[in-house]
Amino acid sequence: DVVVSSEVIEHIPSELQGPFVLDLAACLKPGGSLIVTTPRGDIQHQVPGTSEQALENWLTENEVRDLLLQAGLTRLRLTRTSPTHSSRLDRWRERWLRWTGRRTHARTRLDLLLDDRSALYQVWYAEKA
């Protein structure tokens, strides 16, 4: 019914990513769901430091979408997320709260928009027809 691939696809060589997604889709029964999470290649240049992983091949949101469509998956939905306190906005907010001596900061619509734009991870949902 459900297959989850979390933080895997970016460690697969580019030429094998398409076959990997095809294999995930083949595991699903019709109507089954696939969830794929991976860092956003769209913002990789903004992430400081280097990885100690043997292979880090971050994909853009468009690249992941294309792989899912090529595997015949439908009803694609994308969500972005970050680990708690990992976005630049979160780090800036924490510094500001310490500097001002405040304990909390009411989150505005702008905060939420900036969080989405700077979110580190893309989370995809797709279904097998």
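**Accessibility and backbone of a predicted chain**

Arginine 75 is exposed, its relative accessible area being 52% in this predicted model.

Q: Why is arginine 75 called exposed?
A: Its relative accessible area is 52%. Exposed means over 50%, so arginine 75, at 52%, belongs to that class.

Q: What makes the phi of arginine 75 notable, and in which strand is this residue found?
A: Phi of arginine 75 is near 50 degrees, a positive value, and the residue is not a glycine. Arginine 75 belongs to strand β3, which covers residues 73–81.

Q: Why is glutamate 7 called partly exposed?
A: The relative accessible area of glutamate 7 is 28%. Buried requires under 20% and exposed over 50%; glutamate 7, at 28%, meets neither condition and is therefore partly exposed.

Q: What is the phi of glutamate 7, and where does this residue lie?
A: Glutamate 7 has a positive phi of about 60 degrees without being a glycine. The residue lies in the loop that links β1 (2–6) to α1 (14–26).

Q: How many helices and strands does the chain have, and in what order do the elements run?
A: There are four helices and four strands. Read from the N terminus, the order is β-α-β-α-β-α-α-β.

Q: What share of the chain counts as buried?
A: Of its 129 residues, 33% count as buried, a class that means under 20% relative accessible area.

Q: What share of the exposed area do carbon and sulfur atoms supply?
A: The chain exposes about 8300 Å², and carbon and sulfur atoms supply 54% of this area.

Definitions and conventions:
Residues numbered from 1 in each chain as written. Predicted model: local features only at pLDDT ≥ 70, side-chain atom pairs only at ≥ 80, totals over all residues. Heavy atoms only, no water. Helix = DSSP H or I, 4+ residues; strand = E, 2+ residues; numbered from the N terminus. Buried < 20%, exposed > 50% of the residue type's maximum accessible area, 1.4 Å probe, protein only. Areas by Shrake-Rupley, 256 points an atom, 1.4 Å probe, with all protein chains shown as cover.
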